[in-house]
Each structure stands twice: as structure tokens, then as C-alpha cells.
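Please follow the chain in the model below, beginning with a helix and its surroundings, then turning to a helix pair and a loop residue.

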Amino acid sequence: MWVYEKKLQYPVRVSQCNPMLAKFLIEQYGGADGELAAALRYLNQRYTIPDKVIGLLTDIGTEEFAHLEMIATMVYKLTKDATPEQMKEAGLGAHYANHEKALYYENAGGVPWTATYIQAKGDPIADLYEDIAAEEKARATYQWIINMSDDPDLNDSLRFLREREIIHSQRFREAVEILKEERDKKHIF
């Protein structure tokens, strides 16, 4: 059960129209290590994870949807005033031809999102290591986008998202240790 607050998890401000930056951010919208894939991965894996850490996957999976909403807002704000020529110059000509300025789940290269991005092995520790890797890849992508951005307002929101990826990675690492400890306990029947 979710309670939806009609506000973003963190404010999103954009200094100016910048379709090129939007193109890069689309990676976090519909890319393999983006927010949609993360949310669906964690909410799917929670069904085969031990009760001791199930809430963690639910919490983080839900938060990833909030991050998806932030990325969508960023992309929208960066492109809403762009001309078709600006979209084309930014490498979004094919996107514009297919979707105009509508958000579409694809990566920065224009490849549509696919369920093959979602990993679920059924082994809790293997799945959690996959989750740690996903969070670290997302963190790296946010850093690289910040490195390319000259928008201080947008960078503030991107830094927030990057820091949340670090927290998620840490929490998944803690969950691995909890499960390893449980696995290694002597069980007396």
C-alpha cells in the first residue's frame, strides 16, 4: 500500500532549456541502470527474499519510483521550450519524430526499455549483490551527468539522487551481511 504525496521527493529546478542534458538524463529514465528498472527489480525480488530484509526492497523499490518521477520532471523541464531544431541538434531528432516531447522509456541511445534489464536469480544474496551493482552503476551515471552539466539548479537535484544511490547501496550491503549471518548460524532441530 502506498500513500502518494503530490510533491516530488526533492525539488527539481532547471535554469534553462537544454535538450542535450535531457538526452543524457533519459538514461536514468529508461536505461538498464535507470530508476524504472531499479524500482521493478526490487519490487519483484522482494517475493523471494527472506522476511528479515523484505521491507528494505519494498522501501527502496518504492523510493525508486519517486526518483523516476524526478527524472521525468527534469527531462520535461529541459525540453518543454525546445524547438524541433534544438531537439534534433541534441540528438533527439528520432525521439521527436516518434514521440514529440513526450516522455518515453528509452536509454540515452534511444533504445527502448526492456524487461531484460530486470534481474532476479531467486538466491537472496546473489540478488542483493545485483542490487548493489545496480545502485553503484546509477551513482556513477549521476556523477557523469553532473560532470557534463552546467546547470547549478539541476545539479542540486542530481546530487540528491546520487547520494540516495549511495545510501541504497549501503543498505543492500547491510542486508547481505544480515543474510550471511543468518545462513551461517547453527540450526538445531
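In this predicted model, the cover over the buried residues of helix α2 includes α1 (19-30), α3, α6 and α7 (152-184). Helix α2 spans residues 35-45, and 9 of its 11 residues are buried, so the rest of the structure largely encloses α2. The buried set consists of Glu35, Leu36, Ala37, Ala38, Ala39, Arg41, Tyr42, Leu43 and Gln45. Charged side chains such as Glu35 and Arg41 are thus listed there beside nonpolar ones such as Leu36 and Leu43.

Two of the covering helices, α3 and α6, also pack against each other. Two packed helices are described by the angle between their axes and the distance between the axes. For α3 (residues 51-79) and α6 (residues 124-148), the angle is about 25° and the axes lie 14 Å apart. Angles under 35 degrees count as roughly parallel, and α3 and α6 are therefore roughly parallel to each other. Their crossing is left-handed. On the α3 side, Leu57, Ile60, Glu64 and Ile71 take part in the contact, and they meet Leu128, Asp131, Glu135 and Tyr142 of α6. By class, this contact has 5 nonpolar and 3 charged residues, with no polar ones.

The loop between α3 and α4 (84-89) holds Asp81. Is Asp81 buried or exposed? Its relative accessibility is 55%, so Asp81 counts as exposed, the cut-off being over 50%. Beyond its neighbours within four places in sequence, Asp81 is in contact with Cys17, Gln86 and Lys101. Of these, Cys17 is 64 residues from Asp81 along the chain, yet their C-alpha atoms are separated by 6.2 Å.

Notes:
Residues numbered from 1 in each chain as written. Predicted model: local features only at pLDDT ≥ 70, side-chain atom pairs only at ≥ 80, totals over all residues. Heavy atoms only, no water. Axes fitted to C-alpha atoms, helices over the stretch in contact; angles between N-to-C directions. Helix = DSSP H or I, 4+ residues; strand = E, 2+ residues; numbered from the N terminus. Parallel < 35°, antiparallel > 145°, perpendicular 65-115°, else oblique. Left-handed = near helix turned anticlockwise from the far one by under 90°. Contact = heavy atoms within 4.5 Å. Buried < 20%, exposed > 50% of the residue type's maximum accessible area, 1.4 Å probe, protein only.
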